[in-house]
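The following note goes through the structure point by point. Please keep the sequence and the model at hand while reading.

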Amino acid sequence: MVTIVKSEWHSVERRYSAEIDEDILSEIYPNADEDEIKQMLADLESGELSVDTVIEDAGWDVDIDWDWLDEDDWWTDRKGGYDVTYEVLKNE
């Protein structure tokens, strides 16, 4: 007897948006002065300051208001168009 495993690989994405402004940056970086906050916002816009860094620095301390960017139907997305792989489990 051989046991096989069937894997279905579904790729889904749910997108959210949030607005980062001077007030949010001031909450994240309470020790930064007004000029530093403005520079951070400019650096964020230009890509010199990583969004990942800002989100990580916010941590659990600052509430970022995320809204759904798209209405999606994950069930519909997963009805087809996915990869299927099979593997044989080795019997010991």
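1. Glu 36 is partly exposed, since its relative accessible area is 40%, a value that falls between the limits of 20% for buried and 50% for exposed residues. This residue has its place in helix α2. The model is a predicted one, and every value in this note is to be read with that in mind.

2. What does the side chain of Glu 36 reach? Its partner is the backbone nitrogen of Asp 33, at a distance of 2.7 Å. In another direction along the chain, Glu 36 and Ser 26 are 10 residues apart, and their C-alpha atoms are separated by 9.5 Å.

3. Helix α2 also holds a charged pair. Lys 38 and Glu 34 form a salt bridge, in which the closest N and O atoms are 3.5 Å apart. The structure holds one salt bridge. Both residues belong to helix α2 and stand four residues apart, which is about one turn of the helix. An α-helix has 3.6 residues a turn, so residues three or four places apart point the same way.

4. Are the two members of this pair buried or exposed? Lys 38 is partly exposed, with a relative accessible area of 41%. Glu 34 has a relative accessibility of 56% and therefore counts as exposed, because the limit for that class is over 50%. As for its position in space, the C-alpha atom of Lys 38 is separated by 9.2 Å from that of Asp 21, and these two residues are 17 residues apart along the chain.

5. The student may next place helix α2 in the whole chain. The secondary structure comes to four helices and four strands, and their order along the sequence is β-β-α-α-α-β-α-β. The chain has 92 residues, of which 14% are buried. Its accessible surface comes to about 7900 Å², and carbon and sulfur atoms account for 46% of that area. If one takes the contacts between residues at least 6 apart in sequence, 76% of them join residues at least 24 apart.

6. Which residues have the most contacts inside the largest nonpolar core? They are Leu 25, Ile 28, Tyr 29, Ile 37, Met 40 and Val 54, in a core of 13 residues. The elements that give two or more residues to this core are α1 (22-28), α2 (34-46) and α3. In soluble globular proteins, nonpolar side chains tend to be buried together.

7. Met 40 deserves a separate look. When its neighbours within four places in sequence are left aside, Met 40 is in contact with Leu 25, Tyr 29, Ala 32 and Leu 49. Of these partners, Leu 25 and Tyr 29 are also among the core residues with the most contacts. The C-alpha atoms of Met 40 and Ser 50 are separated by 10.0 Å, and the two residues are 10 residues apart along the chain.

8. Ser 50 leads on to helix α3. This residue is found in the loop between α2 and α3 and counts as partly exposed because its relative accessibility is 32%. At the start of α3, a side-chain oxygen of Ser 50 comes to within 3.1 Å of the backbone nitrogen of Asp 52. After α3 comes Gly 59, which has a positive phi, near 50°.

9. The loop between α3 and β3 contains Asp 65. Its relative accessible area is 56%, so Asp 65 is exposed. Not counting residues up to four places away in sequence, Asp 65 touches Ser 17 and Ala 18. Asp 65 and Ile 20 are 45 residues apart in sequence, yet 9.3 Å apart in space from C-alpha to C-alpha.

10. Trp 66 lies in the loop between α3 (51-58) and β3 (67-68). Where does its side chain take part in the surface? Trp 66 belongs to a nonpolar surface patch of about 500 Å², made together with Tyr 16, Val 51, Ile 55 and Trp 68. With a relative accessible area of 44%, Trp 66 is partly exposed, and it therefore passes the limit of over 30% that patch residues must meet.

Conventions: Residues numbered from 1 in each chain as written. Predicted model: local features only at pLDDT ≥ 70, side-chain atom pairs only at ≥ 80, totals over all residues. Heavy atoms only, no water. Patch = residues over 30% accessible without salt bridge, like charges linked within 9 Å, V, L, I, M, F, W, Y side chains within 5 Å. Areas by Shrake-Rupley, 256 points an atom, 1.4 Å probe, with all protein chains shown as cover. Salt bridge = Lys/Arg side-chain N within 4 Å of Asp/Glu carboxyl O. Buried < 20%, exposed > 50% of the residue type's maximum accessible area, 1.4 Å probe, protein only. Core = buried A, V, L, I, M, F, W, Y, C linked by side-chain atoms within 4.5 Å. Contact = heavy atoms within 4.5 Å. Polar contact = N/O pair within 3.5 Å; in protein donor to acceptor, adjacent residues only side chain to side chain.
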